[in-house]
Amino acid sequence: MPNRLIDESSPYLRQHAHNPVDWYPWGEEAFARARADDKPVLLSIGYSACHWCHVMERESFEDEATAALMNERFVSIKVDREERPDLDQIYMTAVQGMTGSGGWPMTVFLTPDGRPFHGGTYFPPTDRMNMPSFKRVLTAVSDTYRNDRLRVVEQAGNVAEFIKMQTLASAPSGQLSERVLESAAASLAQQFDREHGGFGGAPKFPQAMALDFLLHEHHRTGEAMPRQIVELTLQRMATGGMYDQIGGGFHRYSVDNLWLVPHFEKMLYDNALLARAYLHAFQIADAWFYRRIVEETLDWVSRDMRDPSGGFYSTLDADSEGEEGKYYVWTPGEIEAVVGPDDVGILNRYYRVTEAGNFEGKNILTAPLNAEAVARELGVDLERLADAVVNGQTRLREARVGRVPPARDDKVLASWNGFMLRTYAEAARVLERPVDREVAEANAAFLLREMWRDGRMRRVYKDGEAKIDGFLDDYAAVADGLLALYQATFEPRWYEAAREIADCMLDLFWDADAHVFFDAPRDAEALVARPRDTWDNATPSGTSLATHVLLRLWALTGESRYEEIARTVFESMGELMAQHAVGIGNLLDALELYLAPPREVAIVGDPVAAETRQLIAVLNHGYQPDVVAALAAPSDEAALRAIPLLRDRPLVNGQPAAYVCRQFTCELPTSDPLTLARQLSGDRP
């Protein structure tokens with residue numbers, strides 16, 4: 001007999017629908033039951049691609065004796081953290097405050113009014129490695145709740161106060177200067193692994209936002225070190241096991257410091273942010289290697305992570321058939337059976353495949369950065385090597401389709417789709433692949449059709465239904481993606497939708513008295529505290545995303561309110577940005593744009609005319625992160641009205657013209673692409 005989770009749309013919650021645990025979804029019904037029965041609430045938070053969430057389910061939630069103890073002594077609630085980041089943030093703050101660490105699965109014990117008083121992460125089924133068994137924890141917590149209620153209530157009050165203090169904590173204001181950027185870049189350089197790339201040791205996370213900030217810093221200063229950090233990191237990640245050499249796309253993180261053995265889950269947001277970092281590296285270095293990684297990653301997303309309606313799915317599990325990574329690893333015999341004896345030697349050397357293997361007796365495929373060296377070692381020409389690798393990759397991918405694939409979480413999340421929308425839009429502009437523009441436009445249309453309803457953004461789409469009011473990152477990421485699509489297409493509808501969403505975002509999430517963005521809307525469900533997090537985690541913070549959007553709208557409209565709010569955010573975070581660059585990279589990237597400041601480029605001309613396209617090509621060439629552009633035909637009165645940057649920009653001698661401005665002071669207009677390029681580079685004829 002399934003429990004209540006059978007009626008939920010979240011694949012993660014449905015995975016637990018047949019547990020013997022009497023699970024409730026988050027809601028008043030569960031808390032009313034806890035009050036009526038005078039029981040504590042057991043809150044379990046996880047997500048579908050979480051390996052240890054599956055482990056704890058098998059060990060404890062599917063165990064009849066453990067489930068009986070939970071059902072007797074607790075009201076148990078299961079939450080998908082990807083659907084409810086507000087709950088995850090609040091209760092993760094509590095667990096980190098109580099234990100000094102956090103992670104998933106997260107287990108939190110609450111009073112019937114929702115205040116936490118005890119918590120942790122994974123608990124094993126038996127005592128081991130200084131960890132108490134889950135059943136021992138359940139018994140101890142229940143006994144304390146029954147027999148020492150005053151202590152529980154006091155602890156719950158203290159933790160609730162701690163959460164509120166953390167939510168409203170403010171950093172010392174700092175001067176907005178390039179010193180902040182220089183200090184942040186120096187901090188990242190100190191943490192940089194000069195041998196293997198990345199920051200710190202194992203486990204090693206990709207830190208895409210910090211990498212993008214460093215590329216922006218290289219562009220601003222011309223200093224070599226930021227670029228060297230990024231390029232070594234990107235090269236090591238893409239040639240290691242972090243990258244799926246056969247199917248494209250990145251796994252979540254590396255469990256070692258070599259980028260060899262990944263945690264095999266694949267997340268949409270990682271691939272959106274990393275593909276964008278590789279795209280920016282391609283713009284700077286003009287290296288085919290970076291372009292290949294972008295194209296393979298986006299092709300994987302289009303092939304395996306795209307809903308027919310235009311949305312992007314969320315995650316792929318790490319496990320298949322109960323084993324982590326089984327879908328992705330190979331033996332030499334398996335490779336030979338697929339590619340045949342003529343190519344197996346080349347493939348095994350190229351992907352570093354051995355009989356001993358590098359992961360539990362099998363091989364995680366890795367690739368060389370220098371294919372020429374492999375060709376010399378094998379005594380074959382480069383063309384022969386390339387043919388074998390391309391054909392082998394295709395055959396291995398086709399053969400892998402016959403394996404049992406990892407489970408896919410096919411819910412669509414607004415913010416993660418916004419990340420991927422921006423990446424596809426930028427790729428369409430830079431790489432000029434028509435398929436990227438088609439995918440981006442289909443996704444934007446989907447988001448506006450299905451998830452932007454009655455002036456509100458929904459967070460989750462599943463089975464034809466959009467639900468859960470959006471959070472700050474949902475509004476900001478979608479608006480950010482739409483602005484990128486406008487820059488790729490110059491179709492005013494994408495700009496107009498972005499501005500409408502951004503204005504609604506300010507109304508719902510900006511607190512003019514506290515001078516902060518909150519992550520939940522002002523009319524959201526009352527929780528222990530109104531959630532607010534200015535730090536990047538696995539994804540950029542909502543605050544940093546919103547600030548990016550405001551700066552671009554400021555450049556396009558000239559409206560001072562957008563700049564004033566962005567500046568307020570920067571001033572309140574100045575000291576933190578200088579000291580903690582890894583955790584705040586996306587806001588640092590926004591500060592780069594603010595201090596530049598943005599260069600506004602208005603192009604007036606027939607969008608399909610060859611002369612206009614030549615001017616657009618200058619905008620799309622090279623890495624120009626501080627350029628915000630608009631375009632319209634001189635007869636397109638609707639576009640001219642909608643986008644103030646375009647107003648009062650006539651043709652020059654009847655020819656399309658570009659106006660390059662900074663803080664709304666413009667240089668002489670030009671119809672010459674070379675002159676435009678010089679103006680954008682800061683040079684003069």
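The following paragraphs describe the nonpolar cores, the helix packing and several loop residues of this predicted model.

The description begins with the interior. The largest nonpolar core comprises 185 residues, and Met505 and Phe517 are the members with the most contacts inside it. Beyond its neighbours within four places in sequence, phenylalanine 517 touches Leu472, Leu506, Phe509, Trp510, Arg532, Thr543, Ala546, Leu550, Ile565 and Val569. A second core, separate from the largest one, has 25 residues, among them Trp26, Phe31, Tyr91 and Val95.

Several of the partners of phenylalanine 517, including Leu506, Thr543, Leu550, Ile565 and Val569, reappear in the helix contacts described next. Helix 20 spans residues 492-509 and helix 22 spans residues 560-579; their axes come within 13 Å and cross at roughly 50 degrees. This angle makes helix 20 oblique to helix 22. The crossing of these two helices is left-handed. On the side of helix 20, Arg499, Asp503 and Leu506 take part, and they meet Arg561, Tyr562 and Ile565 of helix 22. Sorted by class, the contact of helix 20 with helix 22 holds three nonpolar and three charged residues, with no polar ones.

Helix 22 also packs against helix 21, which covers residues 542-557; here the angle is about 145 degrees and the axes lie 8 Å apart. Helix 21 likewise passes helix 22 in a left-handed crossing. The residues of helix 21 that meet helix 22 are Thr543, Thr547, Leu550, Leu551, Leu553, Trp554 and Thr557, and their counterparts in helix 22 are Tyr562, Glu563, Ile565, Ala566, Val569 and Phe570. The class composition of the contact between helix 21 and helix 22 is nine nonpolar, three polar and one charged. Tyr562 and Ile565 of helix 22 thus occur in the contact with helix 20 and also in the contact with helix 21.

A further helix pair is formed by helix 9 and helix 23, whose axes are 7 Å apart and which pack at an angle of about 25 degrees. Because angles under 35 degrees count as roughly parallel, helix 9 is described as roughly parallel to helix 23. From helix 9, the contact draws on Met209, Ala210, Asp212, Phe213, His216, Glu217 and Arg220, while helix 23 contributes Gly585, Asn586, Leu588, Asp589, Glu592 and Leu593. Five nonpolar, three polar and five charged residues make up the contact of helix 9 with helix 23. Helix 9 passes helix 23 in a left-handed crossing.

The loop that follows helix 23 (585-595) and leads to strand 19 (599-604) contains proline 597. The peptide bond from alanine 596 to this proline is cis, with omega near -15 degrees. Both residues of that bond are also contacts of aspartate 626, which, outside its neighbours within four places in sequence, touches His219, Leu593, Ala596, Pro597, Pro598, Arg599 and Arg662. Aspartate 626 itself sits in the loop between helix 24 (610-620) and strand 20 (627-632). With a relative accessibility of 6%, aspartate 626 counts as buried, since the cut-off for burial is under 20% relative accessible area.

A cis peptide bond also joins tryptophan 104 and proline 105, with omega about 5 degrees. Proline 105 belongs to the loop between helix 5 (85-99) and strand 4 (106-110).

Two residues other than glycine have a positive phi. For glutamine 207, phi is near 55 degrees. Glutamine 207 lies in the loop between helix 8 (178-191) and helix 9 (208-221), and its relative accessible area of 23% makes it partly exposed. For histidine 515, phi is near 60 degrees. Histidine 515 is located in the loop between strand 17 (510-511) and strand 18 (516-517); with a relative accessible area of 44%, histidine 515 is partly exposed.

The last residue considered is tyrosine 243, in the loop between helix 10 (224-239) and strand 6 (253-254). Tyrosine 243 is buried, with 1% relative accessibility. Residues up to four places away in sequence aside, tyrosine 243 is in contact with Met237, Ala238, Gly248, Gly249, Phe250, Ile293, Glu296, Thr297 and Leu365. Tyrosine 243 and tyrosine 461 are separated by 218 residues in sequence, and their C-alpha atoms are 28 Å apart in space.

Methods: Residues are numbered from 1 along each chain as its sequence is written. This is a predicted model: local features need pLDDT of at least 70, side-chain atom pairs count only at pLDDT 80 or more; totals for chains, interfaces and linings use all residues. Side-chain values use heavy atoms; hydrogens and water are left out. A nonpolar core is a set of buried Ala, Val, Leu, Ile, Met, Phe, Trp, Tyr and Cys residues joined through side-chain atoms within 4.5 Å. Buried means under 20% relative accessible area, exposed over 50%, partly exposed in between (1.4 Å probe, protein chains only). Contact means heavy atoms within 4.5 Å. Axes are lines fitted to C-alpha atoms, for helices over the stretch in contact, and angles run from 0 to 180 degrees between N-to-C directions. Helices (H or I, at least four residues) and strands (E, at least two) are DSSP runs, numbered from the N terminus. Angles under 35 degrees count as roughly parallel, over 145 as roughly antiparallel, 65 to 115 as roughly perpendicular and the rest as oblique. A crossing is left-handed if the near helix is turned anticlockwise from the far one by less than a right angle, and right-handed if clockwise. Ala, Val, Leu, Ile, Met, Phe, Trp, Tyr, Cys and Pro count as nonpolar, Asp, Glu, Lys and Arg as charged, and the others, Gly among them, as polar.
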